[in-house]
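Subject: A structure for you to look through

Dear colleague,

I am passing on a structure that I would like you to look through at your own pace. Please open it beside this email, and then read on for what was found in it.

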Amino acid sequence: MRFIETWIPATLVSTRDIAPGIREFLIRPDQFDATAYPVGSHINVSVTIDGLPETRSYSLVGEASSHGFKIAVRRADDSRGGSRYMWQLAPGARLDITQPASLLAVDWSRESYCLIAGGIGITPILGAAQALVRRGVDITLHYAMRSRAEAAYLDDLAGMLGDRLVVHASDEGQRLDLGALFALLRQGTLSLFCGPMRMLDAARHAWIGAGHPLPDLRYETFGSSGTLPTEPFRVRLKGSNVELEIPRERSMLDVLNASGHDVMYDCKRGECGLCAIDVVEVDGEIDHRDVFFSDHQKECNQKICACVSRARGTITVDTLLRADAV
Ligand code: FES
């Protein structure tokens, strides 16, 4: 059950391999409107996984262009199937996508900005950097990566930012120390972050620890990167004999809805909280992959965002839908 979502037909115009395991896709809607979209915008792409329709969300790379929408997809080893589907597409392929939308509210009135990207999280940060450079404000971009050779858009960023780009390549022993970085930032700096969940958790802790107000740390997530590997797990439904297997490549939300247990949703990115359902028992471990619940709420394990969060073992949930009401 979803609220608003308008799908538009589009064509994959071209692909370009921009780093090992990272491919850029240029997608042009049939009715293309090249007006600017907000920083941090993403589009949803309809993909097919094991013959079933699914949705994947990808950040748009850079600012609006007259050629179409650009996304970059990392071929993930523990992919739930979205990156595999995207990577087998050839130019000319037809796709259904949604119009760009952004949940990353940027306050443009600050004097200084600190941008932080981890790995493929550089995709929404690139457009933010372009927009801020045009505005002539104080900006530094910290880009964390395993190695320069594996990093996307490094040359573009170096050309645009010069020494305002700080590369943290772990194979060079230059790991990003978020605590040290935030301790040196002046109050009033706005930070824009995009990276994996573990890095986001560290950023939030370090940000608060350095005395900055949490609303000044804005972030985008992948919505699919957790702390446990992406593996199948089981979900029992309270008050029924139903036990469902959640395969590696599907979300709990999709499996519940496909089996008639109407769970509401909206963003499917772990951000809005609409899909949250009650957890009754955990026989294993929950991997909370949302950014909706607080750390404390996640520790309590009383609710789970069914769209992105996963588990190891078996969890019992209450969808509040009773068998006699189905
Ligand atoms: S649908 Fe928004 S958090 Fe799950």
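To begin with a single residue, is Asp30 buried, partly exposed or exposed? With a relative accessible area of 40%, Asp30 is partly exposed, because the partly exposed class lies between the limit of under 20% for buried and the limit of over 50% for exposed. Please keep in mind throughout that this is a predicted model.

Asp30 is also one half of a salt bridge, for it pairs with Arg94, and the closest N and O atoms of the two are 2.6 Å apart. This pair links distant parts of the chain, since Arg94 belongs to strand S6 while Asp30 sits in the loop between strand S2 (22–29) and strand S3 (41–49), 64 residues apart. Arg94, at a relative accessible area of 49%, is partly exposed.

Salt bridges

Side chains of opposite charge can pair when their charged atoms come close. In this model the count of salt bridges comes to 22, and one of them joins Arg148 to Glu172, with 2.6 Å between the closest N and O atoms. Here Arg148 lies in the loop between strand S9 (138–145) and helix H3 (154–161), whereas Glu172 lies in the loop between strand S10 (165–169) and helix H4 (178–184), and the two are 24 residues apart. Arg148 has a relative accessibility of 41% and counts as partly exposed, and Glu172, at 37%, counts as partly exposed as well.

A further salt bridge is formed by Arg312 and Glu285, whose closest N and O atoms are 2.5 Å apart. Arg312 is in strand S17 and Glu285 is in strand S15, with their positions 27 residues apart in the chain. Salt bridges that share partners also join Arg234, Arg236, Glu243 and Glu245 into one network.

The sheet around S15 and S17

The two strands that hold this last pair, S15 (residues 276–287) and S17 (residues 310–318), run antiparallel and are joined by 9 bridges; as an example that you can look up in the model, Asp283 has Thr314 in S17 as its bridge partner. Both strands belong to an open sheet of 5 strands, which has mixed pairing and the order S14-S13-S17-S15-S16. At its edges are strand S14 (243–246) and strand S16 (303–305), each of which pairs on one side only, and from one strand to the next the twist averages 40°.

A proline in a loop

Pro100 is found in the loop between strand S6 (94–98) and strand S7 (101–102), and it is partly exposed, with a relative accessible area of 21%. If its neighbours within four places in sequence are left aside, Pro100 is in contact with Tyr37, Ser41, His42, Ile43, Leu60 and Phe69.

The chain as a whole

The protein chain contains 7 helices and 17 strands. Its radius of gyration is 20 Å, close to the 20 Å that the globule rule gives for 326 residues, so the chain is as compact as a globular protein of that length. Of these 326 residues, 51% count as buried, and among contacts between residues at least 6 apart in sequence, 68% join residues at least 24 apart. The chain exposes about 14,900 Å², of which carbon and sulfur atoms supply 50%.

With best wishes

Definitions and conventions. Residues are numbered from 1 along each chain as its sequence is written. This is a predicted model: local features need pLDDT of at least 70, side-chain atom pairs count only at pLDDT 80 or more; totals for chains, interfaces and linings use all residues. Side-chain values use heavy atoms; hydrogens and water are left out. Two strands pair if DSSP finds at least two bridges between them. Helices (H or I, at least four residues) and strands (E, at least two) are DSSP runs, numbered from the N terminus. Axes are lines fitted to C-alpha atoms, for helices over the stretch in contact, and angles run from 0 to 180 degrees between N-to-C directions. The radius of gyration is taken over C-alpha atoms; the globule rule is 2.2 Å times the number of residues to the power 0.38. Buried means under 20% relative accessible area, exposed over 50%, partly exposed in between (1.4 Å probe, protein chains only). Contact means heavy atoms within 4.5 Å. Accessible areas come from the Shrake-Rupley method with a 1.4 Å probe; for residues, only the protein chains shown count as cover. A salt bridge is a side-chain nitrogen of Lys or Arg within 4 Å of a carboxyl oxygen of Asp or Glu.
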